[in-house]
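Here is a short report on one chain. Please keep the sequence and the coordinates at hand while reading.

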Amino acid sequence: MDIRLNTVLPGTTAAITSNPSSGNQETAPSFAETLRDAFDRINQMQLDSAELARQFAAGETDDLVRVVTAAEEASLALQLAVQVRNKVVEAYQEIMRMQV
């Protein structure tokens, strides 16, 4: 089963596969690298949104649609990242509660 992150987080190209013998293990980024790339992309979206808002407030741009769209995309990406983090923490806590 392949999970493509570019459908979840725009701009990411990594895939998470459940079949370790697929043969592309050498070229595929690690899970940590994939997460780091996704968080870097979200951070860049936040910075771009803040810069656009600053430019709009300073009168350097008058494209309100672009400013609002960038802010909403950055907000949604951050909300998605928080929800993914919450699910990971919840799964970790569930595993820790298992009796061995």
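## Nonpolar core

A nonpolar core is a set of buried Ala, Val, Leu, Ile, Met, Phe, Trp, Tyr and Cys residues joined through side-chain atoms within 4.5 Å. In this predicted model, the largest such core has 5 residues. They are I42, M45, A74, A77 and A81. Helices α1 and α2 each supply at least two residues of this core. Helix α2 gives the most, with 3 residues.

Nonpolar side chains tend to be buried together in soluble globular proteins. Buried residues make up 16% of the 100 residues in this chain.

## Fold and confidence

The chain holds 2 helices and 2 strands. Read from the N terminus, the order is β-β-α-α. Helix α1 covers residues 31-57. Helix α2 covers residues 64-97.

How high is the average pLDDT of the chain? The average is 85, and 75% of the residues score at least 70. Confidence varies by element: strand β1 (residues 2-4) has the lowest mean pLDDT, 55, while α2 has the highest, 96. Where pLDDT is low, the predicted coordinates should not be read in detail.

## Contacts and surface

Take the contacts in the chain with a separation of 6 or more. Residues 24 or more positions apart account for 37% of them. The accessible surface of the chain comes to about 7800 Å². Carbon and sulfur atoms own 57% of that surface.

## Salt bridges

How many salt bridges does a search of the whole structure find? The search finds 3.

One pairs R97 with E94, with the closest N and O atoms 3.0 Å apart. Both residues lie in helix α2, 3 residues apart, so about one helical turn separates them. R97 is exposed, because its relative accessible area is 55%. E94 has a relative accessible area of 45%, so E94 counts as partly exposed. Elsewhere, salt bridges that share partners join E51, R54 and E60 into one network.

## The R54 network

R54 takes part in two of the pairings: with E51 and with E60. For R54 and E51, the closest N and O atoms are 2.8 Å apart. For R54 and E60, the corresponding distance is 3.4 Å. Why are R54 and E51 about one helical turn apart? They sit 3 residues apart in helix α1, which means a separation of about one turn.

How does each member face the solvent probe? R54 has 41% relative accessibility, so R54 counts as partly exposed. E51 is also partly exposed, because its relative accessibility is 34%. E60 reaches a relative accessible area of 52%, so E60 is exposed.

## Nonpolar surface patch

Which residues form a nonpolar patch on the surface? They are Y92, I95, M96 and M98. Together these residues have about 480 Å² of accessible area.

I95 is found in helix α2. Is I95 buried or exposed? The cut-off for exposed is over 50% relative accessible area. I95 has 53% relative accessibility, so I95 counts as exposed.

## Helix α2 in brief

Several of these features involve helix α2. The helix gives 3 residues to the largest nonpolar core. It contains the salt-bridge partners R97 and E94. It also contains I95, one of the residues of the nonpolar surface patch. Among the elements of the chain, α2 has the highest mean pLDDT.

Methods. Residues numbered from 1 in each chain as written. Predicted model: local features only at pLDDT ≥ 70, side-chain atom pairs only at ≥ 80, totals over all residues. Heavy atoms only, no water. Patch = residues over 30% accessible without salt bridge, like charges linked within 9 Å, V, L, I, M, F, W, Y side chains within 5 Å. Areas by Shrake-Rupley, 256 points an atom, 1.4 Å probe, with all protein chains shown as cover. Salt bridge = Lys/Arg side-chain N within 4 Å of Asp/Glu carboxyl O. Helix = DSSP H or I, 4+ residues; strand = E, 2+ residues; numbered from the N terminus. Buried < 20%, exposed > 50% of the residue type's maximum accessible area, 1.4 Å probe, protein only. Contact = heavy atoms within 4.5 Å. pLDDT = per-residue confidence, 0-100.
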